[in-house]
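Me: I've got a protein model open and I'd like to go through it by asking questions. Can we take it one step at a time?

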Amino acid sequence: MAMVWEQGELFPSANKADIAKTKMLLRKYPDMMLIVNGLQVRTELSADEEAILKKWGPTIKNMELAIESIIDHEVKQIMKYRFISRNPRKAAVTRWSSFTDRSLDRKIQEGIESVAGTLKLLGII
């Protein structure tokens with residue numbers, strides 16, 4: 001009997017749909033974080049609030065892990081500034097004035113793709 005070897009991916013690649021979902025999650029991250037933090041302070045929660053906390057809590061932690069896992073320090077700092085700290089694109093362009101705005105956009109896209117790959121690996125997307 002012959003063995004068949006298949007070539008697979010150690011880390012699954014994020015496709016365009018995964019990247020689009022990641023962009024949406026990154027945009028909603030600050031609001032999700034505020035809601036989760038508010039719910040964690042409460043002593044009694046409704047069933048809907050518990051469901052939100054159970055769903056969003058791990059998603060937020062995994063998004064933070066995905067951003068911390070970005071290897072390129074500069075890209076990591078840009079992603080934290082832009083999405084975690086919720087600063088607008090214009091503020092990021094001003095802060096990283098050593099880049100052209102298009103170069104900054106490429107760094108952000110690189111960061112989004114990295115986060116999408118990590119979130120796919122973790123089963124979030």
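**Walking through the model**

Reply: Sure, let's start with a loop: arginine 86 sits in the loop between helix 3 and helix 4. Keep in mind that this is a predicted model.

Me: Is arginine 86 buried, partly exposed or exposed?
Reply: Buried means under 20% relative accessible area and exposed means over 50%. Arginine 86 has a relative accessible area of 46%, so it counts as partly exposed.

Me: What is phi of arginine 86 near?
Reply: Arginine 86 is a residue other than glycine, and its phi is positive. The value is near 60°.

Me: How confident is the predictor, and what does the chain average in pLDDT?
Reply: Among the elements, helix 4 (residues 89–95) has the lowest mean pLDDT, 94, and helix 3 the highest, 96. Over the chain, 91% of the residues score at least 70, and the average pLDDT is 91.

Me: How do helix 1 and helix 3 pack, roughly parallel or oblique?
Reply: Two packed helices are described by the angle between their axes and the distance between the axes. Here, helix 1 (residues 16–41) and helix 3 (residues 73–84) have axes 9 Å apart, at an angle of about 60°. That makes helix 1, relative to helix 3, oblique.

Me: Which residues of helix 3 make that contact?
Reply: On the helix 1 side, the contact is made by Leu26, Arg27, Tyr29 and Pro30. By class, the contact of helix 1 with helix 3 has 6 nonpolar, no polar and 1 charged residues. From helix 3 come Met79, Phe83 and Ile84.

Me: Which residues touch the most other members of the largest nonpolar core?
Reply: This core has 25 residues. Helix 1, helix 2 (47–68), helix 3 and helix 5 (101–122) each supply at least two of its residues. Touching the most other members are Leu26, Met79, Trp96, Leu104, Ile108, Ile112 and Val115.

Me: What is valine 115 in contact with?
Reply: Valine 115 is one of the residues touching the most other core members. Skip its neighbours within four places in sequence, and the contacts of valine 115 are Thr22, Ala66, Ile67, Ile70 and Met79.

Me: Is aspartate 18 buried or exposed?
Reply: Aspartate 18 belongs to helix 1. Not counting residues up to four places away in sequence, aspartate 18 touches Ser13, Ala116, Lys120 and Ile125. Its relative accessible area is 11%, and under 20% counts as buried, so aspartate 18 is buried.

Me: Is lysine 55 buried or exposed?
Reply: You'll find lysine 55 in helix 2. Its relative accessibility is 59%, and the cut-off to beat is over 50%. So lysine 55 is exposed.

Me: How far apart are the C-alpha atoms of lysine 55 and valine 36?
Reply: Along the chain, lysine 55 and valine 36 are 19 residues apart. In space, their C-alpha atoms are separated by 9.7 Å.

Me: Which residues is proline 12 in contact with?
Reply: Proline 12 lies in the segment before helix 1. At 28% relative accessibility, proline 12 counts as partly exposed. Leaving out neighbours within four places in sequence, proline 12 is in contact with Gly117, Lys120 and Leu121.

How values were computed
Residues numbered from 1 in each chain as written. Predicted model: local features only at pLDDT ≥ 70, side-chain atom pairs only at ≥ 80, totals over all residues. Heavy atoms only, no water. Axes fitted to C-alpha atoms, helices over the stretch in contact; angles between N-to-C directions. Helix = DSSP H or I, 4+ residues; strand = E, 2+ residues; numbered from the N terminus. Parallel < 35°, antiparallel > 145°, perpendicular 65-115°, else oblique. Contact = heavy atoms within 4.5 Å. Nonpolar A, V, L, I, M, F, W, Y, C, P; charged D, E, K, R; others polar. Core = buried A, V, L, I, M, F, W, Y, C linked by side-chain atoms within 4.5 Å. Buried < 20%, exposed > 50% of the residue type's maximum accessible area, 1.4 Å probe, protein only. pLDDT = per-residue confidence, 0-100.
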